[in-house]
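The exercises below are meant for someone meeting this structure for the first time. Please work through each task before reading the solution that follows.

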Amino acid sequence: MPYKERDISKMYYTMGEVTTMFGVNHSLIRYYEKEFDVLQPKKNKKGNRYFTNEDIENLKIIFHLVRDKGYTIQGAKDHLKNNMGETKSQQSILTSLENLKKFLLEVRDQL
């Protein structure tokens, strides 16, 4: 049986990794954590935050609403409260389209 490479994904991301992913300061992530109830990172005894994949997806949704669509913080909170299921499905579609674009650009560069 041939060896199959496994896709390894992390269970938890540190605050530094999250800020690098989104290109923002630690204070903005802490502010969003305080403002949005959907963000609930785990904290250890020292107070270090560890974000799950669900927290990362929720952050992507929040950044999309606030930065791309121009929602205020209160508007984004209200939108998430009323349309969480719809917003998550739209975010998953957006993520898959971004991955497809990335793949197609790689194929174009190899030609």
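**Exercise 1.** Which backbone oxygen lies 2.9 Å from a polar atom of the side chain of T95? Place T95 in the structure, and decide whether T95 is buried or exposed.

*Solution.* The model is a predicted one, and the steps below should be read with that in mind. The first step is to locate the residue, and T95 has its place in helix α4. The next step is to look at its polar side-chain atom, which lies 2.9 Å from the backbone oxygen of Q91. The third step concerns accessibility: buried means under 20% relative accessible area, and T95 counts as buried because its relative accessibility is 17%. The last step is to look beyond the neighbours within four places in sequence, where T95 is in contact with E57 and K60.

**Exercise 2.** Describe the largest pocket by its space, its lining residues and the elements that supply them.

*Solution.* Begin with the space, since about 270 Å³ lies in the largest pocket. Then turn to the lining, which is made by M21, F22, K60, F63, H64, D68, Q91, L94, T95 and E98. The elements that give two or more residues to this lining are α1 (15-22), α3 (53-68) and α4 (73-110). Sorting the lining residues by character gives 4 nonpolar, 3 polar and 3 charged. Both T95 and Q91, the two residues of the first exercise, are among the lining residues.

**Exercise 3.** In what order do the strands of the open sheet lie, and which strands are at its edges?

*Solution.* The sheet is open and is formed by 3 strands in the order β1-β3-β2, with antiparallel pairing. Its edge strands are β1 (13-14) and β2 (42-43), each of which pairs on one side only. To follow one pairing in detail, take β1 and strand β3 (residues 49-51), which pair in the antiparallel sense over 2 bridges. Within this pairing, the bridge partner of Y13 is F51 in β3.

**Exercise 4.** Explain why E33 counts as buried, and find the residue whose side chain is joined to the side chain of E33 by a polar contact.

*Solution.* First, E33 is located in helix α2 (residues 26-35). Second, its relative accessibility is 14%, and therefore E33 counts as buried. Third, a polar contact of 2.5 Å joins its side chain to the side chain of R49. Finally, once the neighbours within four places in sequence are left aside, the residues in contact with E33 are L39, P41, K43 and R49.

**Exercise 5.** Compare the placement and accessibility of L105 and K81, and give for each the separation in space from one residue elsewhere in the chain.

*Solution.* Start with L105, which lies in helix α4 and counts as partly exposed because its relative accessibility is 35%. L105 and V66 are 39 residues apart along the chain, and their C-alpha atoms are separated by 27 Å. Next take K81, which is also found in helix α4 and counts as exposed because its relative accessibility is 68%. K81 and V18 are 63 residues apart in sequence, while the distance in space, C-alpha to C-alpha, is 24 Å.

Key. Residues are numbered from 1 along each chain as its sequence is written. This is a predicted model: local features need pLDDT of at least 70, side-chain atom pairs count only at pLDDT 80 or more; totals for chains, interfaces and linings use all residues. Side-chain values use heavy atoms; hydrogens and water are left out. On a 1 Å grid over the protein atoms alone, a cavity is a set of points where a 1.4 Å probe fits but cannot get out, and a pocket is an open set with protein on both sides within 12 Å along at least five of seven lines; lining residues have an atom within 4 Å of a point. Grid points are joined across faces, edges and corners, and a volume is the space filled by probe spheres set on the points. Helices (H or I, at least four residues) and strands (E, at least two) are DSSP runs, numbered from the N terminus. Ala, Val, Leu, Ile, Met, Phe, Trp, Tyr, Cys and Pro count as nonpolar, Asp, Glu, Lys and Arg as charged, and the others, Gly among them, as polar. Buried means under 20% relative accessible area, exposed over 50%, partly exposed in between (1.4 Å probe, protein chains only). A polar contact is a pair of N or O atoms within 3.5 Å; within protein, one must be able to donate a hydrogen and the other to accept it, and residues adjacent in sequence count only if both atoms are side-chain atoms. Contact means heavy atoms within 4.5 Å. Two strands pair if DSSP finds at least two bridges between them.
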